[in-house]
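Trainee: Let us go through this model together, one question at a time.
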Amino acid sequence: MPQTTLWFIHDKKQTFEKLTNSLSSKQYFVQSDSYPDFEIKCILQTQNMTISDQNIVFNVYQYSFSGPRNSNVRMKGTLIVFKLNGQIGLIVDKAGYPNALSFLRELCSYTEKDKKTVVCEEYDDPIKDGKLFLWMISKIYHKESKIDYEVEDEEKTIELNSLDGVKGHTRTGLNNVSTQGSDVINMLTIY
């Protein structure tokens with residue numbers, strides 16, 4: 001995924017199972033025409049990963065919809081729906097549409113009045129401790145970054161072999177972090 005954003009659903013009635021079932025049964029964009037000819041396909045279903053003794057369950061989807069009017073272009077993207085500590089999270093790429101919040105809110109069948117139901121990761125302190133980020137750096141640096149999974153009885157592997165950019169804010173909000181290029185991993189592991 002190119003540029004991504006991380007979001008969480010703050011709705012006690014929503015569960016990982018209900019959300020993934022509604023995506024597979026095409027129950028989305030109930031009141032919207034913003035994403036014409038929308039299609040979504042689950043390419044990895046009910047995968048498990050353990051990071052720092054915390055189990056993460058996730059599904060990976062590929063989606064597409066018709067582009068701007070009078071164009072034959074299909075906008076394509078990737079969506080990851082996950083459950084961590086009983087909380088539902090969404091990772092989505094930002095290519096093809098200007099507002100990830102509107103896209104996710106409509107995809108999950110929420111309306112404008114459901115403010116603060118889908119919220120950006122910065123509102124949720126537990127994920128900001130950096131465990132996932134540090135785990136990825138460690139796996140890449142120590143060349144242990146293969147993740148094996150199975151799709152329709154076919155074994156596949158994802159391998160993280162480089163980290164080409166980092167951008168973000170610190171917990172206090174006083175500093176910003178931004179770096180890019182092929183030497184990012186070396187800069188992050190020198191100290």
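The talk below covers a serine, two helices and a pocket.

Mentor: This is a predicted model, where local features need pLDDT of at least 70, side-chain atom pairs count only at pLDDT 80 or more, and totals for chains, interfaces and linings use all residues. Residues are numbered from 1 along each chain as its sequence is written, and side-chain values use heavy atoms, with hydrogens and water left out.

Trainee: Why does Ser66 count as buried?

Mentor: Ser66 belongs to strand S3 (residues 54-66). Strands are DSSP runs of E, at least two residues, and helices are runs of H or I, at least four, numbered from the N terminus. Buried means under 20% relative accessible area, exposed over 50%, partly exposed in between (1.4 Å probe, protein chains only). Ser66 counts as buried because its relative accessibility is 19%.

Trainee: Which residue shares a side-chain polar contact with Ser66?

Mentor: A polar contact is a pair of N or O atoms within 3.5 Å; within protein, one must be able to donate a hydrogen and the other to accept it, and residues adjacent in sequence count only if both atoms are side-chain atoms. Contact means heavy atoms within 4.5 Å. Beyond its neighbours within four places in sequence, Ser66 touches Pro36, Asp37, Val73 and Arg74. The side-chain polar contact, at 2.8 Å, is with Asp37.

Trainee: Why are the buried residues of H1 on the same side?

Mentor: In helix H1 (residues 16-24), Phe16, Leu19, Thr20, Ser22 and Leu23 are buried. They lie on the same side of H1 because their arc around the axis, taken from the directions from the helix axis to the C-beta atoms, is only 160 degrees.

Trainee: How many residues of H2 are buried?

Mentor: Ala100, Phe103, Leu104, Arg105, Glu106 and Leu107 are the buried residues of H2. They pack against S1, H1, S3, S4, S5 and strand S6 (118-120). H2 is mostly covered, and of its eight residues the buried number is six.

Trainee: Which residue takes a positive phi just after H2?

Mentor: H1 is followed by Lys26, with a positive phi near 60 degrees. Just after H2, a positive phi of about 65 degrees is found at Ser109.

Trainee: Which element gives the most to the lining of the second largest pocket?

Mentor: The elements giving two or more residues to this lining are S2, strand S7 (146-151) and strand S8 (154-159). With six residues, the most comes from S2.

Key
On a 1 Å grid over the protein atoms alone, a cavity is a set of points where a 1.4 Å probe fits but cannot get out, and a pocket is an open set with protein on both sides within 12 Å along at least five of seven lines; lining residues have an atom within 4 Å of a point. Grid points are joined across faces, edges and corners, and a volume is the space filled by probe spheres set on the points.
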